[in-house]
Amino acid sequence: VKILINVANELDKPFEGEIIEEKSPLIPSERWEINLHLIRASNIPSADSNGLSDPYCLLNILNTKIAVKSRRIDKNLNPFWDENFRIPIQSLNSDILRVEVIDWDKIGKHDKLAMIDFPLINYQPGVVYHNVFPLTPLIGNSKSSTIELIFHITPPGIVPFTNIP
């Protein structure tokens, strides 16, 4: 953005200036990343005896040790997370983002409820994808589970939506 500011002085002569400093609202990064906004899931399978689940999401890049998880929403089949994540990736050609909805259990193993895979080769860097995606159920419930996400892939050198004060 270039701005020309005219300032009236005592003689009402306009002052014309030039840009002497430009600032960017972006902070540099050294790696490719997925910027993901986990919004909500709907109709997830129940895994607890009360007919509900205590879901959280595990977001991981397959075949790597890169994984993050959302907070747990207790006793809910339609959780609303509204959380943002930045997940580093290594290869656009081979990395796959897996999103799993998991039921938290106080005792024993946590139950995998549903999942979806996003092969990154199918998504163009810089394009924002916002959709309600169908989940593949991993336990007996035949309801159609969905998850709402907004995500985009950013190249090195850019971290979007970060303002410099």
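## Around leucine 36 and alanine 114

Leaving aside residues up to four places away in sequence, leucine 36 touches Leu59, Glu83, Asn84, Phe85, Leu97, Leu149, Ile150 and Phe151; contact here means heavy atoms within 4.5 Å. You are looking at a predicted model, where local features need pLDDT of at least 70, side-chain atom pairs count only at pLDDT 80 or more, and totals for chains, interfaces and linings use all residues. Residues are numbered from 1 along each chain as its sequence is written, and side-chain values use heavy atoms, with hydrogens and water left out.

Leu36 is also among the residues with the most contacts inside the largest nonpolar core, which has 30 residues. Such a core is a set of buried Ala, Val, Leu, Ile, Met, Phe, Trp, Tyr and Cys residues joined through side-chain atoms within 4.5 Å. Buried means under 20% relative accessible area, exposed over 50%, and partly exposed in between (1.4 Å probe, protein chains only).

Here are the elements that give two or more residues to this core. Strands are DSSP runs of E, at least two residues long, numbered from the N terminus.

| Strand | Residues |
|---|---|
| β1 | 33-42 |
| β2 | 55-61 |
| β4 | 80-88 |
| β5 | 96-103 |
| β6 | 111-119 |
| β9 | 146-154 |

Alanine 114 lies in β6 and counts as buried because its relative accessibility is 0%. Among its contacts are Val99, Val101 and Leu135.

β6 also belongs to an open, antiparallel sheet of 5 strands, ordered β3-β2-β5-β6-β8; strands pair if DSSP finds at least two bridges between them. β3 (67-69) and β8 (136-137) stand at the edges, each with a single partner strand, so one side of each has no neighbour in the sheet.

Conventions
Helix = DSSP H or I, 4+ residues; strand = E, 2+ residues; numbered from the N terminus.
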